[in-house]
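This report describes a structure for a reader who has not met it before. Please look at the sequence and the 3D view first, then read on.

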Amino acid sequence: MCATCGCSGEDHAASASSTEGRERTTHPTTHRHERGHDHTEHPRPGAPRVPFDRQRSTIAIERDVLAHNDELARENRRWFVGRKIFALNLLSSPGAGKTTLLERMIRERTGGHAIAVIEGDQATDRDAQRIRGAGAKAVQVNTGAGCHLDAAMVARAAKALDPPADTLLAIENVGNLVCPALFDLGEHAKLVVASVAEGEDKPLKYPHAFRAAEAVLLNKTDLLPHVRYDVDRFVAHVREVNPHADVLLVSATLGDGFVALDRWLRARIVRLGGSA
Amino acid sequence: MHEMSIVAGILDAVTQRSGGRRIVRVVVEIGRMTAVLPDALRFGFEVASQGTDAEGATLDIVTLLGNELRVREMEVV
């Protein structure tokens, strides 16, 4: 920065920075400034100088970093409510069984509503194909290098999907328990899927996702005879980070626990003002 | 790497207000309950700020206890 005129022209930035804060004794009499102004001469010594606070000033911002995402999420939520759509945001680590769970929910009409799905993955439309194979409409969102869905992606996908009224819209987030917890998509409830093939301490290791969940599904219970897994410890760990979450045990492969899941979804949709 | 989305939000907030002046310092408040790593945030900021008014700016991170994720202020020259 030029210590004489306070401009940010780089022509003489290097020499100015070394003398910043004290009187310069020399200054080029003719130079070109970068930001679109020229002068042939600076004020002569003794002329009023630009005050220091013009040179470096603090501007208060006070803005939430995710304000833009949150605003779009609120728009999504309004859009969903206007169309009588109940939106679920499904979070889990990769391989916990979200897609298998959705396939069975579609076939069994779990929750009592038609289901449409927004599929989030870094690459491929394999999951969307599976969902269509199960008989539901699906839109695949590929996030590329991104590790989560955001509200803008969901807005575009929901418009492309164009679900009719009284749809249960399942948003299958990118398999990841870390950052999807940060981004509101406009959903009505977050659901975390864990499985008995993972550690019982997942809720302690990834507390943000479990804390944000209204319900936690423990999937793959059909594997319990074959793995060392303490369900009670898992439930205790969920309670530790989130005392209010409902915990449901399911097997998406065999259909165990789907009566309870159906009941939970219907009750939740009724609380939202929909019909069961 | 969700820090890049956070960085985009920070840059959005400050460059909207810089009016073409050079941003030399940005102060953000990050709560412990958010899953945001300060080192990843600094790295992302350094990379993503290139070519913007915030290129070369220092990113000061104030750690708070809750879910805060906020741009507090910036210094411009």
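## A residue in strand 3 of chain A

E62(A) has its place in strand 3 of chain A, which covers residues 57-64. The model is a predicted one, and in it the phi of E62(A) is near 45°, a positive value in a residue other than glycine. Most residues other than glycine have a negative phi.

Is E62(A) buried or exposed, or does it fall in between? E62(A) counts as partly exposed, because its relative accessibility is 49% and the partly exposed class runs from 20% to 50%.

## Chain A as a whole

Chain A contains 10 helices and 10 strands. It has 276 residues, and 51% of them count as buried. Of the contacts in chain A with a separation of 6 or more, 70% are between residues 24 or more positions apart. The area that chain A exposes is about 13200 Å², and carbon and sulfur atoms supply 50% of that area.

## Helix 4 of chain A and the loop after it

Helix 4 of chain A has these buried residues: K98(A), T99(A), L101(A), L102(A), E103(A), M105(A) and I106(A). Just after this helix comes R109(A), with a positive phi of about 50°. R109(A) is in the loop between helix 4 and strand 5 of chain A. With a relative accessible area of 47%, R109(A) is partly exposed.

T110(A) also lies in the loop that links helix 4 (98-108) to strand 5 (114-121). How much of T110(A) is accessible? Its relative accessible area is 2%, so T110(A) is buried, the limit for that class being under 20%. Neighbours within four places in sequence aside, T110(A) is in contact with R104(A), M105(A), I115(A), L168(A), F258(A), L261(A), D262(A) and L265(A). One of these partners, M105(A), is itself among the buried residues of helix 4.

## Chain B as a whole

Chain B has two helices and three strands. Along the sequence they follow the pattern α-β-α-β-β. The radius of gyration of chain B is 12 Å, close to the 11 Å that the globule rule gives for 77 residues, so chain B is as compact as a globular protein of that length. Its C-alpha trace spans about 35 × 20 × 15 Å along the principal axes.

Of the 77 residues in chain B, 47% count as buried. Residues 24 or more positions apart make up 83% of the chain B contacts with a separation of 6 or more. Chain B exposes about 3500 Å², with 50% of it supplied by carbon and sulfur atoms. Its side chains include 8 positive and 11 negative ones, and the centres of these two sets are 6 Å apart.

## Helix 2 of chain B

Which residues of helix 2 of chain B are buried? In this helix, residues 38-48, they are A40(B), L41(B), G44(B) and F45(B). Seen down the helix axis, these buried residues fall within an arc of 135°, so they line one face of the helix. An α-helix has 3.6 residues a turn, so residues three or four places apart point the same way. The buried residues of helix 2 pack against helix 1 (3-18), strand 1 (23-31) and strand 2 (58-64) of chain B.

On the other side of helix 2, the exposed residues are D39(B), F43(B) and E46(B). D39(B) counts as exposed because its relative accessibility is 61%, and the exposed class begins over 50%. From D39(B) to R21(B) the separation is 18 residues in sequence and 26 Å in space, C-alpha to C-alpha.

## The loop after helix 2 of chain B

S49(B) sits in the loop between helix 2 and strand 2 of chain B. With a relative accessibility of 1%, S49(B) counts as buried. Which residues does S49(B) contact, leaving aside its neighbours within four places in sequence? They are L11(B), A54(B), E55(B) and G56(B). S49(B) and T34(B) are 15 residues apart along the chain, and their C-alpha atoms are separated by 22 Å.

Conventions:
Residues numbered from 1 in each chain as written. Chains lettered and ligands numbered in written order. Predicted model: local features only at pLDDT ≥ 70, side-chain atom pairs only at ≥ 80, totals over all residues. Heavy atoms only, no water. Buried < 20%, exposed > 50% of the residue type's maximum accessible area, 1.4 Å probe, protein only. Helix = DSSP H or I, 4+ residues; strand = E, 2+ residues; numbered from the N terminus. Arc of directions from axis to C-beta. Contact = heavy atoms within 4.5 Å. Rg over C-alpha atoms; globule rule 2.2 N^0.38 Å. Areas by Shrake-Rupley, 256 points an atom, 1.4 Å probe, with all protein chains shown as cover. Lys, Arg positive; Asp, Glu negative; His and termini not counted. Charge placed at Lys NZ, Arg CZ, Asp CG, Glu CD.
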